[in-house]
Amino acid sequence: MIAALKRSVLIWPAMLLIVALYLVPSFDVIRSSLFDPDLTTRHIDRLIDRPVFMTVFWRTVQTSLIVAFAGALIAWPVAYFINAQPRRSQFLLIFLIFIPLWMSVLIRSYAWLVVLGRDGVVNSAMLGMGLTTEPVQMLFTPAAVQLAMLQILLPIQIVTTYGAMTEIDLDLMRAARILGARQGQALRRVFIPLSFDGAMTGMIIAFMLSMGFFITPALLGGPRDRMLGNLIEVQVAQLNWGFASALGLLLLFGTLGCVIVLRFCGRMALRVLK
Amino acid sequence: MDRQRTLGSVLLSAWFWLIVVFMVFPIFVIIPLSFGSGDLLQFPPQQYGLRWYHAYINDPLWMQATWLSFKIALISGVIATITGTMAVIALERHLGRSRVAFTYLITSPIIVPHIFIALGIFIFALRNGLSGSQMLLIGAHAMVALPFVVLIIGASYRQIDPTIERAARVLGAGPMRAFMVATFPSLMPAGVAAFVFAFFVSFDELIIAQFLLKGTETLPMRIWANLQLDISPTVAAVASLLIVVTTVAMAGAEILRRRATQKLAD
């Protein structure tokens, strides 16, 4: 026992960070939503009674689903293309995907502000080409938020899907071809089911990250495009941390619930595919 | 048949490049705009100049924010890299069957929304009288970066041949010396890559800092505050600098890591 403790000493500093700054604070959030200072359902009641909060929750789920699903559809062919290239160029191509991934969400959201604004790149180009006589309102719409979130989360989906594809033994495709399957058939019956799990994982990661978004909807969305993260920020700014915690729990468990449903749907879809 | 296949691959490569442009173009379009010298961001700029770069460098608020972010990122990056490397060694060598559980625990902050972690840190600070504490912010950033460090260094560690270190032990080196001589050099590139990654996790982080700090600002907080009021083109200059620095540093770290991985694989 002592020997085991002694040998595991190297993990202690990391565990200290995790316990003190991740587990304890997470527990604090749960506690703050239920105790104020005595056990109360005040915060949870407010969450359920006022329809506006549930509306924002469902909007957050809806936006995240749109972004994650569109991302998965866009990412799959991109990952397939990279995976089909010779090894050396794969490295260069994946590098191109990494570049946007490295930029902070703040910078990438700001970039869309510059691109889609009234005097932004798109409007100036359209005015210059005579496509429109008045600047088109693109900012502060749901589409602007979704477009930017898609761009921010796509690299992660591409990298995850591609990573899973590299594990697929391409001899299986060859075997299917030899046994008489046409290229399209081999793709549909062998490669797509095998790469499905990776695409699904990418989609779920994108969905989870997108549920917690706060910078992008605040900068690019109108008041009606606010997401759960924005509500939490407002409550924290007003020092209502009890209610902010109730929203935080809704975010966490809502996300978890959706992920379970998504996994289930994914398994169903895979069965249909096969 | 063949024709169909070439058409398919042309379409596929067109799709790939279209998506790359979609992902990269909005970011890099900021750079030419930042060299405009009008009062507003204009596309294309009427006149070019360094006006907004001067505005950035000569504004003490921007400079203080940059310096604070740099300090916090440097310290939290070092903490994350050291604790993460130690954790990898413990996970791979000493923890046996509990390895999987600990790996899950240490890497799980990746999937928890930052806003939830920030909320937790905010309440934790309030309860413990740590509001505004830069030390707490450094710790929180190190914690958020830790999973990435463990993943990056762990991947490299598993490629190292453990027999070299055992040989050093057999030849009489102590455990520390054997590690430093046999394993540490192969771990260095991944360590540098992990540090660069951790540095930028902290340098770019907005929400935890926003919830925690009072009276002082990090660079993302300064950008954020600026975007809430008026969008002065100074942000474009700051963003352009960040884009270039991030790309160069991360690309350098990634190339270093890949080279080392290939060398180990050969």
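In the predicted model, B:S202 is located in helix α9 of chain B, which spans residues 175-204. B:S202 has a relative accessible area of 4% and is therefore buried, the cut-off for this class being under 20%. When neighbours within four places in sequence are set aside, the contacts of B:S202 are B:I72, B:A73, B:S76 and B:H141.

Two of the helices of chain B were examined as a pair. Helix α4 of chain B comprises residues 60-94 and helix α7 of chain B comprises residues 134-157; their axes approach within 6 Å and cross at roughly 45°. The arrangement of α4(B) and α7(B) is therefore oblique, since an angle of this kind falls outside the ranges for roughly parallel (under 35 degrees), roughly perpendicular (65 to 115) and roughly antiparallel (over 145). The handedness of the crossing of α4(B) and α7(B) is right-handed. By class, the residues in the contact of α4(B) with α7(B) comprise 18 nonpolar, eight polar and two charged.

The association of the two chains was considered next. The size of an interface is often given as the accessible area lost when the parts come together. For chain B and chain A, the area buried between them is about 7,100 Å², and 85% of it lies on carbon and sulfur atoms. Within chain B, the residues that lose the most area to chain A are B:F16, B:M23 and B:F116, which together account for 10% of what that side buries. The contact involves 78 residues from chain B and 77 residues from chain A.

Chain A contains 13 helices and zero strands, and its pattern along the sequence is accordingly written α-α-α-α-α-α-α-α-α-α-α-α-α. Taken along the principal axes, the box filled by the C-alpha atoms of chain A is roughly 75 × 70 × 40 Å. Of the 274 residues in chain A, 52% are buried. Among the contacts in chain A with a separation of 6 or more, 70% are between residues 24 or more positions apart.

Helix α4 of chain A (residues 51-84) takes part in two of the packings described here. With helix α5 of chain A (residues 87-102), the axes come within 8 Å and cross at roughly 150°. This angle makes α4(A) roughly antiparallel to α5(A), because the class covers angles over 145 degrees. The crossing in which α4(A) passes α5(A) is left-handed. On the α4(A) side, A:V78, A:F81, A:I82 and A:N83 meet A:Q90, A:L93, A:I94 and A:I97 of α5(A). The contact of α4(A) with α5(A) consists, by class, of six nonpolar and two polar residues, with no charged residues.

The second packing of α4(A) is with α13(A), at an angle of about 40° and with the axes 11 Å apart. The angle makes α4(A) oblique to α13(A). The crossing of α4(A) and α13(A) is right-handed. From α4(A), the contact is made by A:F53, A:M54, A:F57, A:V61 and A:L65, and from α13(A) by A:F243, A:L247, A:L250, A:G254, A:C258 and A:L262. Ten nonpolar residues, one polar residue and no charged residues make up the contact of α4(A) with α13(A).

One of these α13(A) residues, A:L262, is also touched by A:I204. A:I204 belongs to helix α10 of chain A, residues 183-211. With a relative accessibility of 5%, A:I204 counts as buried. Not counting residues up to four places away in sequence, A:I204 touches A:V259, A:L262 and A:R263. A:I204 and A:I192 are twelve residues apart along the chain, and their C-alpha atoms are separated by 18 Å.

Backbone torsions in two loops of chain A are also reported. A:F140 is not a glycine, yet has a positive phi of about 60°. A:F140 is placed in the loop between α7 (121-128) and α8 (142-166) of chain A. The relative accessibility of A:F140 is 46%, so A:F140 counts as partly exposed. A:L239, likewise a residue other than glycine, has a positive phi near 60°. The loop that holds A:L239 runs between α12 (228-237) and α13 (241-273) of chain A.

Conventions. Residues are numbered from 1 along each chain as its sequence is written. Chains are lettered from A and ligands numbered from 1 in the order in which they are written. This is a predicted model: local features need pLDDT of at least 70, side-chain atom pairs count only at pLDDT 80 or more; totals for chains, interfaces and linings use all residues. Side-chain values use heavy atoms; hydrogens and water are left out. Axes are lines fitted to C-alpha atoms, for helices over the stretch in contact, and angles run from 0 to 180 degrees between N-to-C directions. Helices (H or I, at least four residues) and strands (E, at least two) are DSSP runs, numbered from the N terminus. A crossing is left-handed if the near helix is turned anticlockwise from the far one by less than a right angle, and right-handed if clockwise. Contact means heavy atoms within 4.5 Å. Ala, Val, Leu, Ile, Met, Phe, Trp, Tyr, Cys and Pro count as nonpolar, Asp, Glu, Lys and Arg as charged, and the others, Gly among them, as polar. Buried means under 20% relative accessible area, exposed over 50%, partly exposed in between (1.4 Å probe, protein chains only). Buried area is the accessible area (1.4 Å probe) that two parts lose on being put together, summed over both.
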